[in-house]
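User: Could you take a close look at the annotated sites of this protein and at how the surrounding parts are packed? I would like one connected account rather than a list.

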Amino acid sequence: MGRKLDPTRKEKRGPGRKARKQRGAEVELARFLPPEPEAGRKKLSSHGRKRAAKRRLGAGSGPAGKRPLGAGGGREPAGQTTCGRSGFSDDNSKWLAPAKAKKIRSKENHVELSSDGEVEESNWEMEEDEDGSSEEMVDDYGASEEEEELLPIEKAALKQKPDSEDDSEEEEEEEEEEAAETTGRPKMGQKEEENPDLQLNLDIDEQFKLPTNEEIEKEDILFISEPPDLHTIHQRIKGNMEVLQDFVVKREEGRTRQEYLALLRRDMAAYYSYSDFLLMKLMDIFPLPELINFLEANEVPRPVTVRTNTLKTRRRDLAQALINRGVNLDPLGKWSKTGLVIYDSSVPIGATPEYLAGHYMLQGASSLLPVMALAPQENERILDMCCAPGGKTSYIAQLMKNTGMILANDSNAERLRSVVGNLHRLGVTNTVVSNCDGRQFPKVLGGFDRVLLDAPCSGTGVISKDPAVKTNKDEKDILRCAHLQKELILSAIDSVNAASETGGYIVYCTCSIMVEENEWVVDYALKKRNVRLVATGLDFGKEGFTRFKDRRFHPSLKSTRRFYPHTHNMDGFFIAKFKKFSNAIPQAQKEAAATLSAVSETVVEPPPKKKKLEGSKADKEQKLPQLTSKKKHSLQAQRRPLKA
């Protein structure tokens with residue numbers, strides 16, 4: 001509210017304490033009023049004190065004399081022009097100069113000027129004569145009281161009603177703020193002990209509550225017009241997960257687990273942009289905490305990996321050449337002798353001279369695993385039934401050292417162009433490329449030692465590469481892929497020669513994590529052909545399912561392997577390895593085929609005329625076994641040879 005003698009200097013503050021607020025003009029004037037009479041006189045109010053001060057100022061007005069500070073019995077400030085407090089004269093500007101430090105003493109007391117010219121307010125005191133009358137007042141602005149004019153801000157302050165309670169409240173607030181600051185700052189070497197309690201309080205206050213149906217409907221309406229608030233949805237997913245992990249303790253009364261799961265599925269579909277069908281499938285496969293990790297891993301691309309072509313170079317030489325070109329890389333892992341992980345590169349990996357020379361192949365880490373499980377040997381005849389784009393085929397040729405024969409087949413002629421280009425670039429010479437339907441392959445050519453079937457699938461393991469899988473897959477697509485895979489795996493098994501001295505193996509793999517495309521297909525093959533599951537030879541990976549929901553699979557499915565992006569940092573993959581022990585098709589399958597043909601040839605007897613409506617469903621159920629027994633007798637009669 002008031003000025004200081006040196007406007008450029010800030011008010012001194014103690015260490016760690018706030019500067020006090022400036023008081024109004026009436027408070028400053030009250031500091032220089034004479035002490036009140038002790039007794040016998042009426043106590044003046046705040047307005048009275050101000051009016052008395054004004055009267056004294058008016059009574060003491062006269063010619064303004066210039067006297068230096070500390071001269072004579074009475075004290076007056078340095079002389080000031082008639083302009084009043086609105087400005088200082090040239091003489092006073094010298095007095096205000098902060099360059100020189102002075103100490104000016106009076107007879108009764110002394111006023112000290114600090115080194116920067118600021119007047120120490122604590123030394124300004126009112127002096128009284130022997131008769132008790134006060135001398136001219138000197139305020140902290142350094143102006144005399146002889147002038148009647150006041151600054152507008154001072155006039156406004158004088159008009160305001162003083163309130164001592166407000167001043168006391170302000171002081172209390174300042175003290176509380178200082179106390180809060182001192183308590184908020186922990187001492188050196190002292191740990192904060194209140195954080196756990198605060199965190200517990202927050203957890204109690206922010207306990208997850210299931211939204212009502214009306215709130216969910218409002219959110220659905222808002223989602224149509226505006227994008228959802230992802231931060232709110234993410235927090236709700238976290239709270240819902242905490243409740244579901246300790247459902248008995250943290251659940252709301254009257255709410256079922258299905259309601260929490262339905263809300264969780266709805267929130268995850270909105271947050272991660274998945275279809276409701278695919279989320280239901282994933283929730284059946286993964287536990288809830290692992291499901292979140294899987295969904296998060298699909299949002300991050302997998303690391304770039306390359307496979308060294310040992311037909312032309314060694315991994316050590318290739319790594320050194322790429323490092324010289326500014327590539328940051330590391331070996332893929334102990335399980336691979338040819339893989340390299342590329343972290344970053346100053347040159348395009350797919351256009352280096354080493355790549356064009358065929359020294360390496362850009363290939364995912366999970367694509368190396370099926371060939372390692374197949375373990376091809378030299379001078380064998382191997383069939384790659386679905387070979388495009390040729391990464392696995394070239395790896396097989398690399399392991400065989402360009403010996404034997406590889407038949408690379410694919411049903412898509414357009415994709416075979418990339419296969420031919422890669423085989424030429426990598427220097428593969430033992431491969432024959434064909435364009436046939438894999439389901440007809442045993443009739444085209446058979447008798448192979450080993451077969452690799454990388455079956456077409458829904459692609460739920462490579463969502464990070466193809467995010468469209470999140471929404472464009474449904475139940476029909478999964479079942480269609482599963483049906484095609486069953487046909488292909490039977491053709492692959494029939495194409496293998498069980499009497500092979502070194503082979504007789506089939507490797508089935510998919511880039512999907514759906515049970516319908518993996519364990520279900522393998523279990524089907526075990527029932528339809530004379531094959532058994534053997535170890536894949538891979539040291540890592542999760543075991544396949546032997547039971548899923550209400551289905552029970554063969555116990556040997558434990559030898560199959562599953563790979564996930566959130567656990568192995570590679571694309572989702574499934575690998576199963578079969579060993580064929582007989583070329584004959586099981587007789588049970590032949591008998592079933594014969595019975596089906598016989599049933600189709602038999603003439604069904606016409607039903608009797610309906611005279612009245614059938615009684616009940618129980619009567620129908622009783623007639624069904626009789627019909628089946630008649631069919632069995634007719635079939636047995638047909639099989640018996642006719643007597644001569």
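Analyst: What follows starts from the chain as a whole, turns to the annotated positions, and then moves to the cores and a few backbone details.

The model is a predicted one, and the description below should be read with that in mind. The protein chain holds 24 helices and 17 strands, and buried residues account for 39% of its 644 residues. Among the contacts between residues at least 6 apart in sequence, 70% join residues at least 24 apart.

The binding site is a natural place to begin. The "binding site" annotation, which comes from an unreviewed UniProt entry, covers Cys-386, Cys-387, Ala-388, Pro-389, Gly-390, Gly-391, Lys-392, Asp-410, Asp-437 and Asp-454. Within this set, Pro-389 sits in the loop that runs between strand 7 (381-384) and helix 16 (391-400), and the peptide bond leading into it from Ala-388 is cis, with omega near 5°. Pro-389 has a relative accessible area of 42% and is therefore classed as partly exposed, since that class lies between the 20% and 50% limits. Beyond its neighbours within four places in sequence, Pro-389 is in contact with Arg-415, Ser-418, Val-419 and Asn-422.

Asp-410, another position under the same annotation, lies in the loop between strand 8 (405-409) and helix 17 (416-426). Its relative accessibility is 7%, and because buried means under 20%, Asp-410 counts as buried. Leaving out residues up to four places away in sequence, Asp-410 touches Met-385, Cys-386, Cys-387, Ala-388, Leu-416, Ser-434, Asn-435 and Cys-436. Of these partners, Cys-386, Cys-387 and Ala-388 are themselves covered by the "binding site" annotation, so that contacts of Asp-410 link annotated positions from separate parts of the sequence.

Lys-392, also in the annotated set, offers a link to a further helix: Leu-368 is 24 residues from Lys-392 in sequence, while their C-alpha atoms are 7.1 Å apart in space. Leu-368 belongs to helix 15 (residues 365-374) and is buried, its relative accessible area being 1%. Its contacts, again without residues up to four places away in sequence, are with Arg-307, Leu-332, Trp-335, Ser-336, Gln-363 and Tyr-395.

A separate annotation from the unreviewed UniProt entry, "active site", covers Cys-511. This residue is placed in the loop between strand 11 (505-510) and helix 21 (519-528). With residues up to four places away in sequence set aside, Cys-511 touches Cys-457, Gly-459, Thr-460, Gly-461 and Val-462, and it also touches Gly-572 and Phe-573.

The nonpolar packing can be considered next. In the largest nonpolar core, which has 65 residues, Met-268, Leu-282 and Phe-578 touch the most other members. Helix 10 (residues 257-272) supplies the largest share of this core, 7 residues, and the core draws at least three residues from each of domain 1 (213-299) and domain 3 (364-580). Apart from this core lies another, of 32 residues, whose members include Tyr-395, Ile-396, Ile-406 and Phe-573. Two of these names have already appeared, Tyr-395 as a contact of Leu-368 and Phe-573 as a contact of Cys-511.

Met-268 leads to the packing of helix 10. Not counting residues up to four places away in sequence, Met-268 touches Ile-237, Ser-273, Leu-279, Met-283, Leu-291, Ile-292 and Leu-295. The axes of helix 10 and helix 12 (residues 288-298) come within 12 Å and cross at roughly 10°. Because angles under 35 degrees count as roughly parallel, the two helices are described as roughly parallel to each other. In this pairing, Leu-261, Leu-264, Met-268, Tyr-271 and Tyr-272 of helix 10 meet Leu-288, Leu-291, Ile-292, Leu-295 and Glu-296 of helix 12.

Two backbone details complete the account. Lys-549, in the loop between strand 14 (547-548) and strand 15 (551-552), has a positive phi of about 55° although it is not a glycine, and Lys-549 is exposed, with a relative accessible area of 58%. Asn-569 likewise has a positive phi, near 55°, in a residue other than glycine; it lies in the loop between helix 22 (565-568) and strand 17 (573-580), and at 43% relative accessibility Asn-569 counts as partly exposed.

Notes:
Residues numbered from 1 in each chain as written. Predicted model: local features only at pLDDT ≥ 70, side-chain atom pairs only at ≥ 80, totals over all residues. Heavy atoms only, no water. UniProt positions renumbered as here; feature names shortened; annotations may be inferred. Helix = DSSP H or I, 4+ residues; strand = E, 2+ residues; numbered from the N terminus. Contact = heavy atoms within 4.5 Å. Core = buried A, V, L, I, M, F, W, Y, C linked by side-chain atoms within 4.5 Å. Buried < 20%, exposed > 50% of the residue type's maximum accessible area, 1.4 Å probe, protein only. Domains from an automatic or database assignment. Axes fitted to C-alpha atoms, helices over the stretch in contact; angles between N-to-C directions. Parallel < 35°, antiparallel > 145°, perpendicular 65-115°, else oblique.
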